[in-house]
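Hi everyone, thanks for making room for me today. I'd like to walk you through one structure, going from the whole chain down to a few single residues. Have a look at it while I talk.

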Amino acid sequence: MAVIAPTLPRVRAFRLGDHVVAWALIAPALLFLIVFTLYPAAATLVQSLYSTPLAHRPSHFIGLAHFRQMIADPTFRKVLVNNLLYAVGSIPISVALALAMALLVDARIPGRGFARMAFFTPTVLPLIAAANIWLFFYTPGYGLLDQLLNLFGLPGVNWLGEPATALWAVTMVAIWKQAGFFMIFYLAALQQIPPSLREAAAVEGASRWHSFRRVTLPLLGPTTLFVLVNAVIGAFSLVDSLFVLTQGGPDNASNLLLYYIYQTAFQYWDGGYAAALTVVLVAILALAALAQFLVIGRRTHYQ
């Protein structure tokens with residue numbers, strides 16, 4: 001009788017080889033993740049618990065002193081309120097404008113390709129270039145906005161130099177810059193909706209508004225969640241245009257959290273306090289993302 005050799009060792013060897021190949025394939029990405037994400041995050045957290053080293057005084061452990069300093073810091077409170085106002089002012093308008101533009105260019109209208117290009121053009125501009133364009137609009141005396149006001153006999157406004165208008169002027173630039181970016185995601189999602197669903201709603205006598213509210217908008221739920229998460233991250237990571245437009249002024253009226261972190265770290269040379277501010281920024285973004293997934297994600301259908 002012939003003896004059949006067992007095949008179990010070969011199966012184990014084959015599975016071990018699969019694991020080796022799999023780890024070899026993900027090793028480069030995992031290395032970049034550790035070096036450029038996990039390690040800096042851990043190092044920042046540790047640095048926030050130590051004092052800033054000086055020329056004749058090495059860094060030493062101070063615990064939560066930076067966070068207690070943060071609570072008593074009036075500039076931090078001002079910057080945090082500014083950032084919340086900026087987020088509340090920019091995110092809803094940007095998302096609503098992006099959805100409206102996507103609905104417009106998804107319809108069969110004359111010049112649809114030109115409209116898509118026009119809406120998306122601000123997105124491809126570097127943020128520094130976009131800020132310089134709006135700097136010309138906001139320039140007191142001969143800027144475009146002041147010229148329009150002069151046509152109606154109204155006095156000019158120092159849009160970037162007045163505390164009451166500086167933050168909203170920066171917000172307008174952000175809305176103009178990011179609405180086209182969000183539009184692309186909504187347009188792609190709209191093109192994935194089967195036309196038969198809208199046709200069935202029309203056959204049932206649903207109006208366009210009712211069809212949009214009951215059919216289109218729920219199917220855009222995953223895209224809306226994705227756009228909102230990115231919009232919140234963008235609202236707390238604006239720094240480029242502030243360099244060109246206001247540099248956080250006047251009197252911190254337009255200063256935002258990430259720009260304040262930059263000032264603390266590279267202008268005031270207080271690395272420990274800047275690390276603590278960074279920890280707070282990351283915590284705010286994590287809580288905001290978690291809240292969005294808990295509130296909006298439960299109502300989102302992916303099929």
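Let me start with charges: how far apart are the mean positions of the 17 positive and 10 negative charges of the protein chain? They are 13 Å apart. Before anybody gets attached to that number, please keep in mind that this is a predicted model.

Okay, the overall picture. The protein chain has 13 helices and 0 strands, so to speak α from the N terminus on, thirteen elements in a row. In terms of dimensions, the C-alpha atoms fill a box of roughly 110 × 80 × 30 Å along the principal axes. The radius of gyration of the chain is 26 Å, whereas a compact globule of 303 residues would come out near 19 Å.

Now surface and burial. Of the 303 residues, 35% are buried. The accessible surface is about 18600 Å², and carbon and sulfur atoms account for 71% of that. As for contacts, take the ones between residues at least 6 apart in sequence: 67% of those join residues at least 24 apart.

On to the core. In soluble globular proteins, nonpolar side chains tend to be buried together. In this chain, the largest nonpolar core has 54 residues. The residues with the most contacts inside that core are Met70, Phe76, Tyr86, Ile91, Tyr186, Leu220 and Leu277. Which elements give two or more residues to this core? Those are helix H3 (74-106), helix H5 (127-138), helix H7 (166-191), helix H10 (221-235), helix H11 (240-245), helix H12 (257-266) and helix H13 (271-295). H7 brings the largest share, 12 residues.

Let's zoom in on Phe76 for a second. Leaving aside neighbours within four places in sequence, Phe76 is in contact with Met70, Leu257, Tyr260, Tyr273, Leu277 and Val280. Met70 and Leu277 also turn up in that list of core residues with the most contacts.

Next, the loop between H11 and H12, where there's a fair bit to click on. Gly249 and Pro250 are joined by a cis peptide bond, with omega at about -5°, and Pro250 is found in this loop. Asp251 is in the loop between H11 and H12 as well. Its phi is near 55°, which is a positive value in a residue other than glycine. Is Asp251 buried or exposed? Asp251 is exposed, because its relative accessible area is 72% and the cut-off for exposed is over 50%.

Gln247 lies in that loop too. Not counting residues up to four places away in sequence, Gln247 touches Leu242, Tyr259 and Gln263. If you want a long-range pair to look at, Gln247 and Arg57 are 190 residues apart in sequence and 31 Å apart in space, C-alpha to C-alpha.

What packs against this loop from elsewhere? Leu160 is one to look at, and its place is in the loop between helix H6 (144-151) and H7. Beyond its neighbours within four places in sequence, Leu160 is in contact with Leu135, Tyr138, Ala166, Ala169, Leu245, Thr246, Gly249 and Pro250. That list includes Gly249 and Pro250, the two residues of the cis peptide bond. Leu160 counts as buried because its relative accessibility is 13%, and buried means under 20%. The C-alpha atoms of Leu160 and Leu135 are 8.7 Å apart, with their positions 25 residues apart along the chain.

There's another positive phi in the loop between H12 and H13, where Trp269 lies. Trp269 has a phi of about 55° although it is not a glycine, and at 62% relative accessibility Trp269 counts as exposed.

Two more residues and I'm done. Phe120 lies in helix H4 (residues 112-124), and it counts as partly exposed at 28% relative accessibility. Setting aside residues up to four places away in sequence, Phe120 touches Gly180, Met183 and Ile184. Its C-alpha is 8.9 Å from that of Lys177, 57 residues apart along the chain.

Finally, Pro28 lies in helix H1 (residues 8-47). Pro28 is partly exposed, at 43% relative accessibility. Pro28 and Leu103 are 75 residues apart in sequence, and their C-alpha atoms are 41 Å apart in space.

That's my tour, happy to go back to any part of it.

Methods. Residues are numbered from 1 along each chain as its sequence is written. This is a predicted model: local features need pLDDT of at least 70, side-chain atom pairs count only at pLDDT 80 or more; totals for chains, interfaces and linings use all residues. Side-chain values use heavy atoms; hydrogens and water are left out. Helices (H or I, at least four residues) and strands (E, at least two) are DSSP runs, numbered from the N terminus. The radius of gyration is taken over C-alpha atoms; the globule rule is 2.2 Å times the number of residues to the power 0.38. Buried means under 20% relative accessible area, exposed over 50%, partly exposed in between (1.4 Å probe, protein chains only). Contact means heavy atoms within 4.5 Å. Accessible areas come from the Shrake-Rupley method with a 1.4 Å probe; for residues, only the protein chains shown count as cover. Lys and Arg count as positive and Asp and Glu as negative; His and the chain ends are not counted. The place of a charge is taken as NZ of Lys, CZ of Arg, CG of Asp or CD of Glu. A nonpolar core is a set of buried Ala, Val, Leu, Ile, Met, Phe, Trp, Tyr and Cys residues joined through side-chain atoms within 4.5 Å.
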